[in-house]
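Please find below a short note on the model you asked me to look over. The points are grouped by helix, with a surface feature taken up at the end.

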Amino acid sequence: MVRSLPFYLICSLVLFAPLAYIGTSQELMSSGLAFIERGTYHPFWSLSLPRIILALLAGFMLAASGYLLQTTLKNPLADSGILGVNAGASLGAVCALLLPSWFGWSISAENALIAFSMAGGLLSSVPILIVSRLSSSSLTLLTGVAVTAILSACSSALIFTIGQGRTDLALQWMAGGLYGRGWEQVLYLLPWAIFALGFIALMFIPLKWVRYDDSTLRGVGIKGPQLRVIILIGTALITAPAVSAIGPIGFIGLVIPHMARLICKNSPGQSLVLTLVLGSLFLAVSDLLARTLLYPTEIPAGVITALCGVPFFLFLLRKNS
């Protein structure tokens with residue numbers, strides 16, 4: 001078992017290593033000062049760096065949501081899709097891209113995209129939260145599957161009936177990726193990332209209790225259903241902003257927590273921290289591969305995460321069957 005202090009130091013060094021590289025490059029430092037002071041365009045500071053930061057933020061948020069859901073619902077195959085957030089955010093994004101042109105609304109699709117997808121992601125989680133309060137974890141999972149199927153069908157119906165030449169934009173967003181994202185999305189996601197870290201820290205001890213059944217929790221004075229609802233609400237508030245910023249990228253919340261648990265064995269604290277670190281790195285590396293594998297053509301990062309995540313998903317199915 002890795003000792004705690006060196007483990008956390010290694011995780012911190014891995015995340016902040018790029019800053020050391022920037023600090024040792026005179027060209028990057030001088031162009032960075034020009035970018036900050038005068039807004040001078042530079043490929044790294046204007047395009048690459050915001051995508052890297054956005055990938056790190058969204059990656060750890062999606063991985064954290066998977067960890068919280070798998071722990072709370074006691075299901076190793078749970079991820080953010082179970083809450084309906086991905087499908088709801090996709091429906092909201094499709095509405096933002098297609099409906100303004102259809103109804104003649106005086107709303108910019110670019111300005112409405114994040115707001116619509118955020119609202120769709122949060123609203124879609126409401127039925128699952130209600131069921132989780134009134135029923136068992138298994139019924140919560142089934143409700144999530146049903147809500148996801150309904151919302152996905154609604155998105156497809158909108159795309160293929162009123163697409164009007166914007167179908168490609170909608171399908172591109174639904175594939176998930178960081179193409180065209182910049183500092184605007186970073187500034188939007190940063191407060192939610194800070195909220196995510198605070199919520200995870202606040203829920204660290206309750207997560208140890210939520211593993212037990214309701215009768216055991218009642219014996220120590222804890223109301224299991226209420227605790228689950230609180231964690232699920234926080235998870236929805238973590239997942240929806242990430243999905244609204246980069247699209248419904250899959251498999252991060254599903255496979256990364258399991259990788260962390262395999263490495264850290266039975267240490268909840270270390271596995272949680274490693275989940276956040278691996279989630280950030282996984283999405284950042286996936287975005288790098290998406291940009292470079294078929295350059296100058298860019299692959300959606302969601303395709304890369306799926307190609308990497310499917311083999312591990314099959315391994316999980318075999319392990320838990």
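**Notes on three helices**

1. Before anything else, please keep in mind that this is a predicted model, and that the remarks below should be read accordingly. Helix H11, which covers residues 224–246, is mostly covered, since 18 of its 23 residues are buried.

2. As for the geometry of H11, the distance from its first C-alpha to its last is 33 Å, which is close to the 33 Å expected for its 23 residues at 1.5 Å a residue. The helix is followed by Gly247, and the phi of Gly247 is positive, near 95°.

3. Helix H5 is made up of residues 109–124 and includes Ser117. Ser117 counts as buried because its relative accessible area is 0%, and the cut-off for that class is under 20%. Leaving aside residues up to four places away in sequence, Ser117 is in contact with Ala89, Gly92, Ala93, Trp173 and Ser244.

4. Turning to the surface, Leu123, Val126, Ile130 and Leu134 together make a nonpolar patch of about 420 Å². Helix H6, which spans residues 126–134, gives the most to this patch, contributing 3 residues.

5. Which class of exposure does Ile130 fall into? This residue, which lies in helix H6, is counted as partly exposed because its relative accessibility is 47%, a value that falls between the limits of under 20% for buried and over 50% for exposed.

Key. Residues numbered from 1 in each chain as written. Predicted model: local features only at pLDDT ≥ 70, side-chain atom pairs only at ≥ 80, totals over all residues. Heavy atoms only, no water. Patch = residues over 30% accessible without salt bridge, like charges linked within 9 Å, V, L, I, M, F, W, Y side chains within 5 Å. Areas by Shrake-Rupley, 256 points an atom, 1.4 Å probe, with all protein chains shown as cover. Salt bridge = Lys/Arg side-chain N within 4 Å of Asp/Glu carboxyl O. Helix = DSSP H or I, 4+ residues; strand = E, 2+ residues; numbered from the N terminus. Buried < 20%, exposed > 50% of the residue type's maximum accessible area, 1.4 Å probe, protein only. Expected span 1.5 Å × (residues − 1). Contact = heavy atoms within 4.5 Å.
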